Amino acid sequence: MPRFFCQNINEKEFAVVGEDAKHIFKVLRYNAGDQLTLCDMKGKDYKGIIEYADGETVSGKITEVWDSDTEPNINLTLYMAMPKGDKAELIIQKATELGVKEVVFILTHRCVSRPDEKSFRKKTERYNKIAFEAAKQSQRGIIPQVRGLISYKEALKECENKSVIIFYENSTIPLKSVMKKCDANIGIFIGSEGGFEEDEIQLAEENGFFIASLGKRILRCETAPLAAISAIMYEKDNF
């Protein structure tokens, strides 16, 4: 059964508007009496029966509500050092598909890309649109938020109530052993193209955060977060 994100929805009725309404009516050729699965983008799914449909609005009544079963059993935030070029877009798209709750871009010592506030604000609009489309395609129950830019120190400070893992190429501590000590609220830090500097790792250690390895091979900055997220989701029984 087709599934659509819907903002105009409650436990009794729904109204789909815009491009989705056009797709439902003109492409799928759904009409009164047909059923849809809808998501409120807040973790709830609904079964709806269409009562009215045209190219602009599809509306009807709700017959069933349940928690979205596509959401992972952990809250995972990716703190990603700002990469160069369009790598950020790929990271957002794939991280959303894999189940992150939030992507936060940070500035570390070795970040080459350092957009100013105005240009990053424009990028953020596009980034959140990418997250929306990826969540829609992968049938997520929520839309992950993309935000930033904040400093490395600011990111560490806001993680006081999270199980934090800093991935560092010189670490010999396997992720599997670290995951045994993590709760359901996790923040992971991935460096930029040049990785983290030693003083950044030392600061994380002083704050009691975990320093872990992703293996013996050096991964690109766009590969590392996807490998880390996949491994964490597996360890927490989300595959």
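Q: Which residue in β6 stands opposite A15?
A: In this predicted model, A15 stands opposite S59 in β6, and V17 stands opposite T57 in that strand. Because the model is a prediction, local features need pLDDT of at least 70 and side-chain atom pairs count only at pLDDT 80 or more, whereas totals for chains, interfaces and linings use all residues. Residues are numbered from 1 along each chain as its sequence is written, and side-chain values use heavy atoms, with hydrogens and water left out.

Q: Why are β3 and β6 said to pair?
A: Strand β3 (residues 13-17) and strand β6 (residues 57-67), which are DSSP runs of E (at least two residues) numbered from the N terminus, are joined in the antiparallel sense over 5 bridges. Pairing requires that DSSP finds at least two bridges between two strands, so β3 and β6 with their 5 bridges qualify. Strands β5 and β6 are also antiparallel, with 9 bridges, and they form a hairpin with 3 residues between them. In this pair Y46 stands opposite V65 in β6.

Q: What makes β1 and β2 edge strands of their sheet?
A: The open sheet has the order β1-β4-β5-β6-β3-β2, and its pairing is mixed. Strands β1 (3-5) and β2 (8-9) each have a single partner strand, so one side of each is left without a neighbour in the sheet. Helix α1 (residues 19-27) packs on this sheet, touching β1, β3, β4, β5 and β6 (contact means heavy atoms within 4.5 Å), and its direction makes about 95 degrees with that of β3.

Q: Which strands stand at the edges of the sheet whose pairing is parallel, and why?
A: That sheet is also open, and its 6 strands come in the order β9-β8-β7-β11-β10-β12. Here β9 (145-151) and β12 (210-212) stand at the edges, because each has a single partner strand and therefore one side without a neighbour. The twist averages 25 degrees from one strand to the next. Within the sheet, 6 bridges join β7 (residues 75-81) to β11 (residues 185-190), and M80 stands opposite I190 in β11.

Q: What describes the packing of α2 and α3?
A: Helix α2 (residues 87-98) and helix α3 (residues 117-137) pack at an angle of about 35 degrees, with their axes 8 Å apart. Angles run from 0 to 180 degrees between N-to-C directions, and axes are lines fitted to C-alpha atoms, for helices over the stretch in contact. Residues A88, E89, I92, Q93, T96 and E97 in α2 meet residues of α3 that include R126, Y127 and I130. The residues of this contact divide into 7 nonpolar, 3 polar and 3 charged, where Ala, Val, Leu, Ile, Met, Phe, Trp, Tyr, Cys and Pro count as nonpolar, Asp, Glu, Lys and Arg as charged, and the others, Gly among them, as polar.

Q: Where do α2 and α3 lie relative to the strands?
A: Helix α2 lies across β7, β8 (102-107) and β9, running at about 150 degrees to β8. Helix α3 lies across β8 and β9, and runs at about 145 degrees to β9.

Conventions. Helices (H or I, at least four residues) and strands (E, at least two) are DSSP runs, numbered from the N terminus.
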